[in-house]
Amino acid sequence: MKGIILAGGTGSRLWPITRGVSKQLLPVYDKPMIHYPLATLMAAGLREILVITTPEDSPSFSRLLGDGSDLGMTLAYAVQARPEGLAQAFLIAEEFLAGDQAALILGDNLFIGQEFDAQFAAALEGFTGGAEIYLKAVPDPERFGVATIGADGAVQSVVEKPTDPASNLAVTGLYTFGADVVNVAGQLPRSDRNELEITDVNAHYLHRGLLRYMVIPESVQWIDTGTPDSLVAASLAIQQHTRDQESEIGYVEIAAFRRGYLSRDGFLRIAERTPSDVYAARLRLAAKGKASWPRLVERWSSERTDK
């Protein structure tokens, strides 16, 4: 499986901040926003990741993240000339995916919780094809795509921004799809907005009985950082979690180390050349060890109930 981070768009809700910089390069507490979705995919075991952004912003992302070799992985880049729907990401990524399964995360979506990465990794390990969406109970579901679950425990419907939501389960900006998703996206009709809608991709798998789901636990905070208020809320949440020395959210170097992409010596070399004393100290602390990552994934795999 390969990963895709969709980091394009105009960032209009954050204007004029985004007039001169991509939204996904803005700081969320002590790290660029893009680090958080990248770390989520890395911690789940993905080692080949494509970042899709605008032609103007692509050089900035490449300068920040490089080719991934410092982290023992591969990062590639592609451009979305115009924002024409989330599902367009699969057409842009066709050559990169080369027939592999795909995990797509939106570049402004943060999942904040001590063990979410292990939960997501367990979900990927159990993924056998079709599609899987990741749902979160929210107080304002009318702002999002909303899923309804039937008495049989299966997804009944997914509706985009309903005026009268049938449930409070929002579809987050994290998705997993089988190897046929490029063909599915290529056959979609354009919506009234002249876009290729991710909701229509999900509907395709739903109608085939191949749409699964995972409900994100209450202990995990999901933040779409697309507005000034949510951007501040995300920074405050990350600050709180970072002060707890057990939290490793958004540290791409630590994600690479935990997953075995980096040796301990390689990881410590990164810490040695890190200009920030505080950041370097956090990396050195991680090198001293923590609960076994495979054991965390194994635990969530055993507790997970496939839907």
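The exercises below, each with a worked solution, concern the pockets, aromatic contacts and selected elements of a predicted model.

**Exercise 1. The largest pocket**

Determine how much space lies in the largest pocket, which residues are closest to its centre, and which elements supply its lining.

Solution.
Step 1. The space in the largest pocket comes to about 1000 Å³.
Step 2. The lining consists of 38 residues, and those closest to the centre of the pocket are R13, L86, L106, K161 and D224.
Step 3. At least two lining residues come from each of β10 (155-160), β11 (169-177), α7 (198-207) and β13 (221-224). The element that gives the most is β11, with 4 residues.
Step 4. Sorted by class, the lining of the largest pocket has 11 nonpolar, 16 polar and 11 charged residues.

**Exercise 2. The second largest pocket**

State the volume of the second largest pocket and describe its lining by residue, by element and by class.

Solution.
Step 1. The volume of the second largest pocket is about 460 Å³.
Step 2. Its lining holds 21 residues, of which H35, L64, V252, E253 and I270 are the closest to the centre.
Step 3. The elements that each supply at least two lining residues are β3 (31-32), α1 (35-43), α2 (58-65), α9 (252-258) and α11 (277-287).
Step 4. The lining of the second largest pocket divides into 10 nonpolar, 5 polar and 6 charged residues.

**Exercise 3. Two aromatic pairs**

Classify the pair F177 and Y205 and the pair F257 and F267 from the geometry of their rings, and state which elements each pair ties together.

Solution.
Step 1. The structure holds 9 aromatic pairs. In the pair F177 and Y205, the ring centres are 5.8 Å apart and the planes stand at 35°. Planes under 30 degrees apart count as stacked and those over 60 as edge-to-face, with the rest tilted; the F177 and Y205 pair is therefore tilted.
Step 2. F177 belongs to strand β11 and Y205 to helix α7, so this pair ties together parts that are 28 residues apart in sequence.
Step 3. The cut-off for a buried residue is under 20% relative accessible area. F177 has a relative accessibility of 0% and counts as buried. Y205, with a relative accessible area of 0%, is buried.
Step 4. For F257 and F267, the ring centres are 4.4 Å apart and the planes stand at 0°, so the pair is stacked.
Step 5. Helix α9 contains F257 and helix α10 (residues 264-272) contains F267, so the pair ties together parts that are 10 residues apart in sequence.
Step 6. F257 counts as buried at 15% relative accessibility, and F267 counts as buried at 0%.

**Exercise 4. An aromatic cluster and charges over rings**

Identify the residues that form one aromatic cluster with F177 and Y205, and state which ring lies under K2 and which lies under the charged end of R282.

Solution.
Step 1. F177 and Y205 form one aromatic cluster together with F90 and Y175.
Step 2. K2 is placed over the face of F96, at 5.2 Å from the ring centre.
Step 3. The charged end of R282 lies over the ring of Y251, 5.7 Å from its centre.

**Exercise 5. The cavity**

Find how many cavities of 30 Å³ or more are counted, and describe the lining of the largest cavity.

Solution.
Step 1. The count comes to 1 cavity of 30 Å³ or more. The volume of the largest cavity is about 50 Å³.
Step 2. Its lining is made up of Y36, P37, A39, T40, N109, L110, F111, D117, I249 and G250.
Step 3. Two or more lining residues come from α1 and from β7 (109-112), and α1 gives the most, with 4 residues.
Step 4. The classes in this lining are 6 nonpolar, 3 polar and 1 charged.

**Exercise 6. Helix α7 and the β9–β10 hairpin**

Decide whether α7 is mostly covered or exposed, and describe how β9 and β10 are joined.

Solution.
Step 1. In α7, 7 of the 10 residues are buried, and the helix is mostly covered. The buried residues are I198, T199, V201, N202, A203, Y205 and L206.
Step 2. After α7 comes G209, with a positive phi near 70°.
Step 3. Strand β9 (residues 145-149) runs antiparallel to β10, and 5 bridges join the two. In this pairing, V146 stands opposite V159 in β10.
Step 4. The two strands, β9 and β10, form a hairpin with 5 residues between them, and G153 in the turn has a positive phi of about 85°.

Definitions and conventions. Residues are numbered from 1 along each chain as its sequence is written. This is a predicted model: local features need pLDDT of at least 70, side-chain atom pairs count only at pLDDT 80 or more; totals for chains, interfaces and linings use all residues. Side-chain values use heavy atoms; hydrogens and water are left out. On a 1 Å grid over the protein atoms alone, a cavity is a set of points where a 1.4 Å probe fits but cannot get out, and a pocket is an open set with protein on both sides within 12 Å along at least five of seven lines; lining residues have an atom within 4 Å of a point. Grid points are joined across faces, edges and corners, and a volume is the space filled by probe spheres set on the points. Ala, Val, Leu, Ile, Met, Phe, Trp, Tyr, Cys and Pro count as nonpolar, Asp, Glu, Lys and Arg as charged, and the others, Gly among them, as polar. Rings of Phe, Tyr and Trp (its six-membered ring) pair if their centres lie within 6.5 Å; planes under 30 degrees apart count as stacked, over 60 as edge-to-face and the rest as tilted. Buried means under 20% relative accessible area, exposed over 50%, partly exposed in between (1.4 Å probe, protein chains only). A charge sits over a ring if NZ of Lys or CZ of Arg is within 6 Å of the ring centre and within 35 degrees of the ring normal. Two strands pair if DSSP finds at least two bridges between them.
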